[in-house]
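Work through the exercises below with the model open. Try each task before reading its solution.

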Amino acid sequence: MVENLLTEKLTATDPMLPGLFRIHRILKESYDTFTVELVSLEGYQTFPFEAGQFNMLYVYGVGEIPVSISGDPLHPETLVHTTRVVGTVTRAMRELKIGDVIGVRGPFGSAWPVQAAKGNDLVFVAGGIGLAPLRPALYQILAQRDRYGKIVLLYGCRSPEDILFRKELEKWRARFDLEIYVTVDYANTRWHGNVGVVTKLIPKAPFDPLNTIAMVCGPEVMMRFTAIELQKRGVNPDNIYISMERNMKCAVGFCGHCQFGPTFICKNGPVYPYSQMQNWLAMWEI
Amino acid sequence: MKTFDAILKETRFFQDLKPEYIDIIAGCGSNARFDPGDYIFREGEPANTFYLIRHGQVVIELHDPRRGQLPIYTVHEDDILGWSWLFPPYKWHFSARAVSLTRAIALDGACLRGKCDADTDLGYELMKRFAAIVIDRLHATRLQVLDIYG
């Protein structure tokens, strides 16, 4: 309780001021993707957040980027982020060692509808690194598994080498109360799994479309086509949630860098009902 | 034991097809079984059959002299495998290999081609259904070549 209040104070008083966090652990997820586990240097023992939210991570002297939280909301003792090496900041972040310090602002943004989804079937559709922002919701839901109907995870990535959280996926796959289907775009004959885009898994996935909440995260093109396939199955667009990504800078809705139509992704998003975004997604030059 | 026509009626592909057409198609069917690693057909061979996969998983492949066999797309239970039997030059453009033990109904496309020519309503029905598969796979392939996760 005290820790929660202290953390809330940190983010509420000055959202532009990064807190200091030490790198506690680094995990290599694939050739270009890694996970960092962070602990506070300022005496905060927990970092409460909701599944789907993001933080601004600051590599001192290099720059700041938004990264979704990929850890377990029920275990906020460490702050977990998974990111791919795509630019200057992530490249510098990959070079950091255990014990190095980075700045953290957050958590920011809207969350997956984990509570509202109770009683429904759940379909998670992840593309590539998009599995990372969905993982906190999966942790939270699996911790209270009996409150939900069927749970299906459909995961697509470029190749078998790009599959994230392999050990966790294997562990989850061993459960009888969670269906996991993985597909890749490119493979060689050593891969015995599915080949093809993730949207092709939707028509046969075992869920009741009239009683389903879908949570979708991945590249925008993939999310658009996923939403189309889910609607073909009969899922209501109000029950499809997507996580948007734009050039977030201030993370509190001041700077306008991430404005998308009438909303700021950092403040009103990143998680939106698809019904709210579908008309904007197909628009050019927005 | 279920008859072919009863099995065909339950599939997505043949759903709502007139019973008399189901009977014609079922008359061209036979059971097929493939062990993991078996090739169902190979690129360049005559295409005179198509398959309704009843159980198992089949990968469609292309051979590249430098990189070997390249898996392109996986088909599963209740999927249709093969449309080259319907279009000249009636040769397979890709190969298909069973990934796991696969049971299927093999349908004699050469026999069906003749029946479709004789009964153009049947031909049109089948053509519409195969066109839907082709469009669906074309859309999927477009996304696949975009390398959207890159």
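**Exercise 1. Contacts of Ala214(A)**

Task: Leaving aside neighbours within four places in sequence, find which residues Ala214(A) is in contact with.

Solution. This is a predicted model.
- Step 1. Drop the neighbours within four places in sequence, then list the contacts of Ala214(A): Val123(A), Val125(A), Leu230(A), Val235(A), Asn239(A), Ile240(A) and Tyr241(A).
- Step 2. Place Ala214(A) in its wider setting. The largest nonpolar core has 110 residues, and Ala214(A) is one of those with the most contacts inside it. Others in that group include Phe124(A), Leu154(A), Met215(A) and Tyr241(A).
- Step 3. Ask where the core draws from. Domain 1 (2–108) and domain 2 (121–243) of chain A each supply at least three residues.

**Exercise 2. Gly156(A): buried or exposed?**

Task: Classify Gly156(A), then state which strand holds it.

Solution.
- Step 1. Count other C-beta atoms within 10 Å of Gly156(A): there are 32. The cut-off for a buried residue is 20 or more. Gly156(A) is therefore buried.
- Step 2. Locate it. Gly156(A) sits in strand E8 of chain A, residues 151–157.
- Step 3. List its contacts beyond four places in sequence. They are Gly127(A), Thr183(A), Val197(A) and Val198(A).
- Step 4. Check one longer separation. Ile213(A) lies 57 residues from Gly156(A) in sequence, and the C-alpha to C-alpha distance is 19 Å.

**Exercise 3. Two domains in chain A**

Task: Describe how domain 1 and domain 2 of chain A are placed and how many residues join them.

Solution.
- Step 1. Set the bounds: domain 1 covers 2–108 and domain 2 covers 121–243.
- Step 2. Take the centres over C-alpha atoms. They are 25 Å apart.
- Step 3. Count the contact. Domain 1 brings 15 residues and domain 2 brings 14.
- Step 4. Sort the domain 1 side by type: 5 nonpolar, 7 polar and 3 charged.

**Exercise 4. Why is chain A called as compact as a globular protein of its length?**

Task: Test chain A against the globule rule, then do likewise for chain B.

Solution.
- Step 1. List the elements of chain A: 7 helices and 15 strands.
- Step 2. Apply the rule. For 286 residues it gives 19 Å, and chain A has a radius of gyration of 18 Å, so the chain is as compact as a globular protein of that length.
- Step 3. Add the box. The C-alpha atoms of chain A fill roughly 50 × 45 × 40 Å along the principal axes. Buried residues make up 47% of chain A.
- Step 4. Turn to chain B. A compact globule of 150 residues would have a radius of gyration near 15 Å; the 16 Å of chain B agrees.
- Step 5. Read the order of elements in chain B from the N terminus: α-α-β-β-β-β-β-β-β-β-α-α. That comes to 4 helices and 8 strands.
- Step 6. Give its burial: 29% of the residues of chain B count as buried.

**Exercise 5. Where the chains meet**

Task: State how many residues each chain gives to the contact, and which element of chain A gives the most.

Solution.
- Step 1. Count: 22 residues from chain A and 17 from chain B.
- Step 2. Assign the chain A side. Strand E10 (194–195) and helix H5 (220–233) each supply at least two residues. H5(A) gives the most, with 3.
- Step 3. Sort that side: 9 nonpolar, 8 polar and 5 charged.
- Step 4. Quote the confidence. The predictor gives the complex an ipTM of 0.88 and a pTM of 0.91. Chain B averages a pLDDT of 93.

Methods: Residues numbered from 1 in each chain as written. Chains lettered and ligands numbered in written order. Predicted model: local features only at pLDDT ≥ 70, side-chain atom pairs only at ≥ 80, totals over all residues. Rg over C-alpha atoms; globule rule 2.2 N^0.38 Å. Buried ≥ 20, exposed ≤ 12 C-beta atoms within 10 Å, placed from the backbone. Contact = placed C-beta atoms within 7 Å. Nonpolar A, V, L, I, M, F, W, Y, C, P; charged D, E, K, R; others polar. pLDDT = per-residue confidence, 0-100. Core = buried A, V, L, I, M, F, W, Y, C linked by C-beta atoms within 7 Å. Domains from an automatic or database assignment.
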